[in-house]
Number of protein chains: 2
Amino acid sequence: MNPAHDAPARPAAPHAELHRRLHAIVGDAGLVHDALAQAPYLRDWQGRWQGRAALVVRPADTAQTSAVMRVCHETHTPVVTQGGNTGLRGGATPDASGAQIVLHTGRMDRIRGVDPVNLTLLADAGVTLARVQQAAQDAGRSFALRLGSEARCTIGGNLATNAGGATGMRALTLGLEVVLPDGRVWNGLDRRHQDHGGLDLRQLLIGSEGALGVITAATLRLQPRPAAVATAWVGAAQLDALVALQDALRARCGGCPAAFELMSGEAVALVLAQVPGTRAPLAGRHAFQALIACSGTCAGPLAGPLQAVLAEASAAGALGEVAFGSTPAKVQDFWRLRQGIAEAQLRAGRTHRHDVWLPLSRLSAFVAQAGAVLQRQAPDVRLLCFGHLGDGSLHCALLAPDATRAAVDDTALQALGEALHALATEHGGSAVAAQDLDAPRRHAHAIEADLLMRIKQALDPNHLMNPGKVF
Amino acid sequence: MNPAHDAPARPAAPHAELHRRLHAIVGDAGLVHDALAQAPYLRDWQGRWQGRAALVVRPADTAQTSAVMRVCHETHTPVVTQGGNTGLRGGATPDASGAQIVLHTGRMDRIRGVDPVNLTLLADAGVTLARVQQAAQDAGRSFALRLGSEARCTIGGNLATNAGGATGMRALTLGLEVVLPDGRVWNGLDRRHQDHGGLDLRQLLIGSEGALGVITAATLRLQPRPAAVATAWVGAAQLDALVALQDALRARCGGCPAAFELMSGEAVALVLAQVPGTRAPLAGRHAFQALIACSGTCAGPLAGPLQAVLAEASAAGALGEVAFGSTPAKVQDFWRLRQGIAEAQLRAGRTHRHDVWLPLSRLSAFVAQAGAVLQRQAPDVRLLCFGHLGDGSLHCALLAPDATRAAVDDTALQALGEALHALATEHGGSAVAAQDLDAPRRHAHAIEADLLMRIKQALDPNHLMNPGKVF
């Protein structure tokens, strides 16, 4: 894949024999060959990457996927799997060669079953996250993952990218069905097989970015629907105050908070300015803000303990302002604001996103110093910080607004990114450019990179699965 | 490894050259060659397996472990890693060949660091679970895993066996240090490297039973120490009542319950009869009992919501009796009773343990029918059931008391075990004999077994790591 401006979309080469064989499997409904119809599959939603494809194939089920992969295996055709195409890192966009096929999972969209007693849900890979959430809710349960793209992103994509980080898909997945590079179907949906010890192949597939096989279905772990959820939006002048607040909530509320979504004041302001229908939750301006949700009913009405902790923090001067999600509409407003960040960035201009991990104790100093670097090197570029505070993961987006587009070129943004990475390392953390899919392996110790390559070689000896991305 | 009665301990062959080279690395303090001193390393604590070893090697640190593994790699010497030797499945006992060395981690017992702000603890593999718990507590935090063997089992062993099941070491581990089969040291301790996506090698090592490398240290995830823990012991006539109770607690108390430890009345009675210092928590006899712990302080004094849920269940006739852990001494009594099961079985005679997984909705029917099978086929054999109720994992121990030792032979016990396995499968679950380390791979689909073997081959091409166990 190339930056969008380097490789404009061109129709793929004919590949007549491949076309014929795949058509025999998936039929008219499963092939996209018209150049116009192919376009959305060849470009990521942000328009950052643009590739070409020999064909776009949309199998209807696991059996068709298996047959497609057998043909690809025999013909040495490389495969890029695509779900909702909502990724931020280009993992689902084909490269510019025109040799790859895009295997799109969108027609595999059945929820195969919901078992509320045993807290499981079995879904095809192409089911959207929102539909899984709804099906869980309809059965009186809940599915814990929430993402800004939940209306469009798919479970298969959530799994391949390990969406949700430390508390994400790894913890929420009980089984997988995977079509291997040679077309064999591994039915690992049945959780019973993983409960007796031994190596856990499922965990290896989660986060593998389509480089080991095609995930076609998953058994997901549901949770009892909490009898109550208390939600608040808080503002503070110091980031450290929010880190301390999270710690207090963890200690005082057991499993809570269910969410602690950090946003810098800049990020909040950008969403309010760019995304229609969003509303400011607080009256004042605050350098750091957070959406907090606690679930459970240990306290009867759960707002009780959350209110107590927030009142204490306010009294101590740590919080500037607090708003409670006192009505369902207000709670919806809070989430819309948080989930609008990606759209806001897209509307605002060029952003370079960096994923940072830092020890919680160093987060505040990092953000302050990153701000100083920007002030010095490129005062027109804005730094937007947001993320799940839980484990010190932070997204930092460098935003070059339209007005300064001419003044701040890509080289300058790249230099800024490198400065951020160096700063993160200084603070005992690390950072990668969000679009840099290969970074984890390149940044890994040489020994780890060697082990990863051996596993790749063992499971995909012809290197046909999403070549050029993670591997 | 052989059943203990088949292969009595004999002194290992001299292996003079291997001895000389390993001695040069670990010195006198790191080699155990006297037959008497070696004996405890060659036999599991239950006395079920007995093997022989070329040498028992106790490296002092990671560097020595690396040097030892380099020698083993060069000399094609197979290696069995051993921690606290508290396993129930024989994974740490050498085979009868006398060709393997036992690599014991007991001298690697430093806690390298505790970081309470960032909720991490870095420990050598040979540190006991109890010491990790204590170090976390000393820092005002907690480490969530509790096991009956915690005073002796080691973190390395907990990791290699994935102790604690679904909510166990997988969720509590942030990083690993591993000496590979060729002696290279993979430093994967730093969690920052895993937070940017890609394949997660750490998860592959957890549960690998020493078959891929030697885990020498781990970065563990701590939790804030809950401000309150409420504990209760309950008795019920029906297992289903306890399943429903767990569900009610999950819904009402958010993250709670922190523990829901099921024991059949038979299992409780056995511990009370066999283990000195244990006390009956309830006045009456109940077919099913459970230790329940909820942590957090959502409710101020947490006993509130737990009491409310238990009172409701009692009023509905679901519970026969309830006792609260109203003093620290009482809470300690509860846990001693739960953790005494393994010791009680050992004292009582021959037990054959089976690990069963069942959908929660079928648990009750399974246990009732298993009891009927026993009644029919071997009325003198007792069935003890216990386990973490959370995810439907159940341990079933068939106990042939001394008095009937002559009457019930191993073949009969084995037939009973097979009947249990068939019954579990009928109910949509599965079961393996606890000592059957190879079962997960044998029971896996052929395709999964093939993938596992490819990974084994990629990471341990000479098959020197714990041969004959998982692989």
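Two strands count as paired if DSSP finds at least two bridges between them. Helices (H or I, at least four residues) and strands (E, at least two) are DSSP runs, numbered from the N terminus. The model toured here is predicted: local features need pLDDT of at least 70, side-chain atom pairs count only at pLDDT 80 or more, and totals for chains, interfaces and linings use all residues. Residues are numbered from 1 along each chain as its sequence is written, chains are lettered from A and ligands numbered from 1 in the order in which they are written, and side-chain values use heavy atoms, with hydrogens and water left out.

**Chain A: overview**

Select chain A, whose secondary structure comes to 16 helices and 21 strands. Of its 471 residues, 58% count as buried (buried is under 20% relative accessible area, exposed over 50%, partly exposed in between, with a 1.4 Å probe and protein chains only). Among contacts (heavy atoms within 4.5 Å) in chain A between residues at least 6 apart in sequence, 74% join residues at least 24 apart.

**Strand β6 of chain A**

Next, select residues 101-104 of chain A, which form strand β6. A:I101 and A:L103 point one way from this strand, A:V102 and A:H104 point the other way, and all are buried. Add residues 79-82 of chain A: this is strand β5, joined to β6(A) by four bridges and running parallel to it. Here A:Q82 stands opposite A:H104. Then add strand β4 (residues 55-57) of chain A, which pairs with β6(A) in the parallel sense over three bridges; A:L55 lies opposite A:I101.

**A loop residue: A:N162**

Move to A:N162, in the loop between α5 (155-160) and α6 (169-172) of chain A. With a relative accessibility of 16%, A:N162 counts as buried. Residues up to four places away in sequence aside, A:N162 touches A:M169, A:R170, A:I206 and A:G207.

**The core shared by both chains**

Now display A:F143, A:L204, B:F143 and B:L204 together. Of the 78 residues in the largest nonpolar core, these four touch the most other members. Such a core is a set of buried Ala, Val, Leu, Ile, Met, Phe, Trp, Tyr and Cys residues joined through side-chain atoms within 4.5 Å. Centre on B:L204: leaving out residues up to four places away in sequence, it touches A:L199, A:L204, A:I455, B:L212, B:I455 and B:L459.

**The five-stranded sheet of chain B**

In chain B, select the open sheet of five strands with the order β7-β8-β12-β10-β11 and antiparallel pairing. The edges are β7 (111-115) and β11 (185-188) of chain B; each has a single partner strand, so one side of each is left without a neighbour in the sheet. Neighbouring strands are turned by 10 degrees against each other on average, direction ignored. At the β11 edge, strand β10 (residues 173-179) of chain B pairs with β11(B) in the antiparallel sense over four bridges, and B:W186 is the bridge partner of B:V178. Helix α4 (residues 129-138) of chain B packs on the sheet, touching β7, β8 (120-124) and β12 (214-221) of chain B. The direction of α4(B) makes about 145 degrees with that of β8(B). For these angles, axes are lines fitted to C-alpha atoms, for helices over the stretch in contact, and values run from 0 to 180 degrees between N-to-C directions.

**Strand β14 of chain B**

Select residues 229-236 of chain B, strand β14. Seven of its eight residues are buried, so the strand is largely enclosed by the rest of the structure. Eight bridges join β14(B) to the antiparallel strand β16 (residues 288-295) of chain B, with B:V234 opposite B:A290. Four bridges join β14(B) to strand β17 (residues 321-324) of chain B, also antiparallel, where B:F324 is the bridge partner of B:A232.

**Helix α13 of chain B and its neighbours**

Finish with helix α13 (residues 363-377) of chain B and helix α8 (residues 239-252) of chain B, whose axes come within 8 Å and cross at roughly 155 degrees. That makes the two helices roughly antiparallel (angles over 145 degrees; under 35 is roughly parallel, 65 to 115 roughly perpendicular and the rest oblique). The contact is made by B:L239, B:D240 and B:V243 of α8(B) and B:L363, B:S364 and B:V367 of α13(B).

Helix α14 (residues 410-426) of chain B packs on α13(B) at an angle of about 150 degrees, with the axes 10 Å apart. These helices are therefore also roughly antiparallel to each other. Residues making the contact include B:F366 and B:V373 of α13(B) and B:L416 and B:L420 of α14(B).
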